[in-house]
Amino acid sequence: MDCIFCKIASGEIPSTKVYEDDTVVAFNDLEPQAPVHILIIPKMHIASADEINEGNSAVIAHIFEVAALIAKEKGLSNGCRIVNNCGNDGGQTVKHLHFHLMGGRQFGWPAG
Ligand code: AMP
Ligand code: ZN
């Protein structure tokens, strides 16, 4: 399968990794939209959030544990934003599930 984030997870494509364990990788976004902009992905290929189910949701819980860990490490004590874009209407451009962990500035809602 030709998936760029699978290749980042395996190390085939380089990235600036900030966290890695058996099931999860986190790396800096190539086009950061905030002073801290990290993508957290499951190593297993899940295409998008609408493919989360009983069989694979444990890794999603773990991603949020990792997000809290990284937010602390990066000093985001004033808050942060964790975003998932799902499918075309959601603006998802890479079809491997990922969560954006963003911080270091104030965000608007619902955009910005
Ligand atoms: P989304 O629009 O939610 O699918 O987000 C995809 C994100 O992946 C964007 O913020 C891109 O900047 C980021 N991105 C795409 N390719 C790479 C890459 N090779 N390394 C790091 N980030 C990437
Ligand atoms: Zn993938």
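Student: What makes the backbone nitrogen of Val-24 and the side chain of Asp-21 a polar contact?

Tutor: This is a predicted model, so keep that in mind. The backbone nitrogen of Val-24 lies 2.9 Å from a polar atom of the Asp-21 side chain. The cut-off is 3.5 Å, so the distance falls within it.

Student: Where is Asp-21 found?

Tutor: Asp-21 sits in the loop between strand 1 (17-20) and strand 2 (24-28).

Student: How do you know that Asp-21 has no salt bridge?

Tutor: Look at the nearest side chain of opposite charge. That is Lys-43, 6.0 Å away. A salt bridge needs a distance within 4 Å, so this pair does not count. Asp-21 is buried all the same.

Student: Which residues does Asp-21 contact, leaving aside its neighbours within four places in sequence?

Tutor: Asp-21 is in contact with Lys-43, His-62 and Val-66.

Student: How many salt bridges does a search of the whole structure find?

Tutor: Three.

Student: Why is the pair Asp-2 and Lys-7 called a salt bridge?

Tutor: Their closest N and O atoms are 2.6 Å apart. The limit is 4 Å, so the pair qualifies.

Student: Why is Asp-2 called exposed, but Lys-7 partly exposed?

Tutor: Asp-2 has a relative accessible area of 69%. Exposed means over 50%, so Asp-2 earns the word. Lys-7 has 21%. Buried means under 20%, so Lys-7 is not buried and counts as partly exposed.

Student: What makes Glu-20 and Lys-17 a salt bridge?

Tutor: The closest N and O atoms are 3.5 Å apart. That is within 4 Å, so the pair counts. Both partners are partly exposed: Glu-20 at 41% and Lys-17 at 33%.

Student: How do you know that Glu-20 also forms a salt bridge with Lys-43?

Tutor: Here the closest N and O atoms are 3.0 Å apart. Again the limit is 4 Å, so this pair passes. Glu-20 lies in strand 1, and Lys-43 in the loop between strand 3 (36-42) and helix 2 (57-73), so the pair ties together parts 23 residues apart in sequence.

Student: Is Lys-43 buried or exposed, or in between?

Tutor: In between. Its relative accessible area is 26%, so Lys-43 is partly exposed.

Student: Which residues are linked in a network of salt bridges?

Tutor: Lys-17, Glu-20 and Lys-43. Glu-20 bridges to Lys-17 and to Lys-43.

Key: Residues numbered from 1 in each chain as written. Chains lettered and ligands numbered in written order. Predicted model: local features only at pLDDT ≥ 70, side-chain atom pairs only at ≥ 80, totals over all residues. Heavy atoms only, no water. Helix = DSSP H or I, 4+ residues; strand = E, 2+ residues; numbered from the N terminus. Buried < 20%, exposed > 50% of the residue type's maximum accessible area, 1.4 Å probe, protein only. Lys, Arg positive; Asp, Glu negative; His and termini not counted. Polar contact = N/O pair within 3.5 Å; in protein donor to acceptor, adjacent residues only side chain to side chain. Contact = heavy atoms within 4.5 Å.
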